[in-house]
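Reader: I should like to go through the terms applied to this structure and hear the grounds for each of them.

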Amino acid sequence: MALPSDRCYLGFDFSTQQLKVVAVDDNLTVVHQSAVHFDTELPEYRTQGGVHVHSDRLTVTSPVLMWVKALDLILGKMKASGFDFSSVKALSGSGQQHGSVYWKEGSRQILLDMSPDKPLHELLESCFAVTDSPVWMDSSTTEQCQHLEQALGGAQQLADITGSRAYERFTGNQIAKIWKTNPGHYKQTERISLVSSFAASLFLGDYAAIDYSDGSGMNLMDISKKEWAQHCLGAVAPGLGGKLGTPLPPMAVLGSVSSYYIQRYGFSPDCKVIAFTGDNPGSLAGMRLQEGDIAISLGTSDTVFLWIQDPRPTVEGHIFCNPVDSQAYMALICFKNGSFTRERIREECAGGSWEEFSKALKATPVGNNGNIGIYFDVMEITPAAVGVHRVNGENDKVASFPEEVEVRALIEGQFLAKRAHAEKLGYKILQETRVLATGGASSNKDILQVLADVFNAPVYTIDTVNSACLGCAYRAMHGLVAEMGVCFAEAVRMAPEPKLAVTPTPGAEKVYERLLKRYTEQEQRAFL
Ligand SMILES: Nc1ncnc2c1ncn2[C@@H]1O[C@H](COP(=O)(O)OP(=O)(O)O)[C@@H](O)[C@H]1O
Ligand SMILES: O=C(CO)[C@@H](O)[C@H](O)COP(=O)(O)O
């Protein structure tokens, strides 16, 4: 049996709706978890789902000071619960991907001089040239995307270099919009961070580097050379390289925690800050994904991601540098209509209760008697389309479904879309395929049952749905030994294995084979 340990590692996740933290000890046992939910615990920022959707319905931002104040709150909660900060040997974290933070001139000095007598949100109040940070849900930069693709010779050419064609939410296009619409704000900006490197900067008390893995979600980095692609920088805004800093490996030790945390919370001066990364890369680490597995995150967004060795970027989906292995990559497909759409249907068809939602899934047959629904409440990413489309078993368009049918149609449609788009990118479900599920909705076994049935593969989960936090606590531990040549798998070999949650229902395979074909045809017919 492992001996109890008095050393621990922290992993934070600045995600769309909340800030979360997990602590693990030397045995990789989870010893603490906390969260701050933005809408309910920071109501003064008036967010809905952690964001502000602007009147054009395309621009989506979050107040950057809300994230800062959330850190004050979560550290306060940990302190109040008696958490021993002096035992933390290293910390790391993740952020919702693509979002950007604009530090005003002079902010580096403010970060270096933070006085432990005041909360962070007071100290950093005047530090941001742009107070509302664009986030991943934004789709207002179509013009900038077209410009970037043209400048690079086309969508595929841009994907060959950066891992993705131009996407509205990708940071380079967001920066280009700020340069065009608010050049004054851009000029005032000393440093541009991703949400992840911004959060690392708060702990470091200095500007933290963007890591290669989250840096791959910007349309700005050459993912094979792991450096900024000068053509892309030039097409986005003047003097951009200087504002971004040099990217670093995700396992880099950035330095020791700022004296602010030592004096205010009792952190040890030896506590190291390991580079922060994106939340999906963080989840890959937390689930200890292996080649051949498929990971499905059901958070605010839904994502499908894979570990890959040999990247072949296309104009659909993304290739990111791998967060735990410098030689490898990860492929990712993102779906914007995830939890918020499930919540809408839960309100309309299940009396606002997940229990009733589950009952509806149990009361309806595998394949939903041929009824298919596609629910893109907001402009989807995969594919770029908006609207709701329903057909019955005869492929006749219908205006509505009975409540229970609607619930199943939503969940089946969401998973059929994931399978169809993953297969389009060349992914094959094999006999030994494991689906690893994470994110808030992965706590719902009835939703996971539909996932297992649609993918015809067993679904595994880990003990915490906060796989990004957990992965970053693991990465914090690994960061201390990575320079000595210890690989991530070796550093976390003692971590608990994912557990089998559900297996496919006998007979489901045949039903979904037919439905998958019909779903693909319907998606094309309705939206493309
Ligand atoms: N029992 C449940 N069934 C389905 N969805 C759930 C359940 N519990 C929570 N969720 C969903 O989980 C979402 C939050 O997931 P989470 O991974 O924490 O999001 P994020 O990391 O993006 O902030 C909520 O918006 C909610 O819709
Ligand atoms: O845009 C993407 C991935 O490309 C999103 O997955 C964001 O990273 C948001 O993550 P969640 O808060 O939904 O986990």
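Author: The model is a predicted one. A convenient start is the pair Arg 346 and Glu 347, which form a salt bridge with their closest N and O atoms 2.7 Å apart.

Reader: What makes the contact of Arg 346 with Glu 347 a salt bridge?

Author: The rule asks for a side-chain nitrogen of Lys or Arg within 4 Å of a carboxyl oxygen of Asp or Glu. The closest N and O atoms of Arg 346 and Glu 347 are 2.7 Å apart, and the pair therefore meets the cut-off of 4 Å. Side chains of opposite charge can pair when their charged atoms come close.

Reader: Why is Arg 346 called buried, and what is Glu 347 called?

Author: Buried means under 20% relative accessible area, exposed over 50%, and partly exposed in between. Arg 346 has 15% relative accessibility and therefore counts as buried. Glu 347, with a relative accessible area of 47%, is partly exposed.

Reader: How many salt bridges does the rule find, and which residues are linked in a network?

Author: The count comes to 23 salt bridges. Asp 302, Arg 342 and Lys 418 are linked in a network of such bridges.

Reader: What makes the pair of Asp 206 and Arg 108 a salt bridge?

Author: Their closest N and O atoms are 2.6 Å apart, so the condition of 4 Å is satisfied. The pair links distant parts of the chain, 98 residues apart: Asp 206 lies in the loop between α9 (195-204) and α10, and Arg 108 in helix α3 (residues 107-112). At 18% relative accessibility Asp 206 counts as buried, whereas Arg 108, at 38%, is partly exposed.

Reader: How do you know that Glu 149 and Arg 165 form a salt bridge?

Author: The closest N and O atoms of Glu 149 and Arg 165 are 2.9 Å apart, which satisfies the limit of 4 Å. This pair, too, links distant parts of the chain: Glu 149 belongs to helix α5 (residues 142-152) and Arg 165 to the loop between α6 and α7 (171-181), 16 residues apart. Glu 149 counts as buried at 12% relative accessibility, and Arg 165 as partly exposed at 28%.

Reader: Which domains does the chain have, and how many residues of each are in contact?

Author: The domain assignment gives domain 1 (8-281) and domain 2 (288-463 + 498-528). Their C-alpha centres lie 28 Å apart. In the interface, 31 residues of domain 1 are in contact with 27 residues of domain 2. The two domains bury about 2300 Å² between them, 59% of it on carbon and sulfur atoms.

Reader: How many salt bridges and polar contacts does the interface of domain 1 and domain 2 contain?

Author: The rule finds 0 salt bridges across the interface of domain 1 and domain 2. The count of residue pairs in polar contact between the two domains is 14. On the side of domain 1 that touches domain 2, the elements that give two or more residues are α6 (155-162), α10 (212-215) and α14 (279-286). Of these, α6 gives the most, with 5 residues. By class, that side of domain 1 has 12 nonpolar, 15 polar and 4 charged residues.

Reader: Why is α14 described as largely enclosed by the rest of the structure?

Author: The description rests on 8 of the 8 residues of α14 being buried. Among them are Asp 279, Pro 281 and Leu 284. Just after α14, Arg 288 takes a positive phi of about 45 degrees.

Reader: What makes Leu 28 and Arg 57 worth singling out?

Author: Most residues other than glycine have a negative phi, and most peptide bonds are trans. Leu 28 is not a glycine, yet has a positive phi of about 65 degrees; Arg 57, also not a glycine, has a positive phi of about 65 degrees. Leu 28 lies in the loop between β2 (18-25) and β3 (30-37) and is buried, with a relative accessible area of 3%. Arg 57 lies in the loop between β4 (52-53) and β5 (60-63) and, at 61% relative accessibility, counts as exposed.

Reader: Which residues does the cis peptide bond join?

Author: The cis bond joins Thr 382 and Pro 383, with omega about -5 degrees. Pro 383 is found in the loop between β20 (372-376) and β21 (387-391).

Definitions and conventions:
Residues are numbered from 1 along each chain as its sequence is written. Chains are lettered from A and ligands numbered from 1 in the order in which they are written. This is a predicted model: local features need pLDDT of at least 70, side-chain atom pairs count only at pLDDT 80 or more; totals for chains, interfaces and linings use all residues. Side-chain values use heavy atoms; hydrogens and water are left out. Domain bounds come from an automatic or database domain assignment. Contact means heavy atoms within 4.5 Å. Buried area is the accessible area (1.4 Å probe) that two parts lose on being put together, summed over both. A polar contact is a pair of N or O atoms within 3.5 Å; within protein, one must be able to donate a hydrogen and the other to accept it, and residues adjacent in sequence count only if both atoms are side-chain atoms. Helices (H or I, at least four residues) and strands (E, at least two) are DSSP runs, numbered from the N terminus. Ala, Val, Leu, Ile, Met, Phe, Trp, Tyr, Cys and Pro count as nonpolar, Asp, Glu, Lys and Arg as charged, and the others, Gly among them, as polar. Buried means under 20% relative accessible area, exposed over 50%, partly exposed in between (1.4 Å probe, protein chains only).
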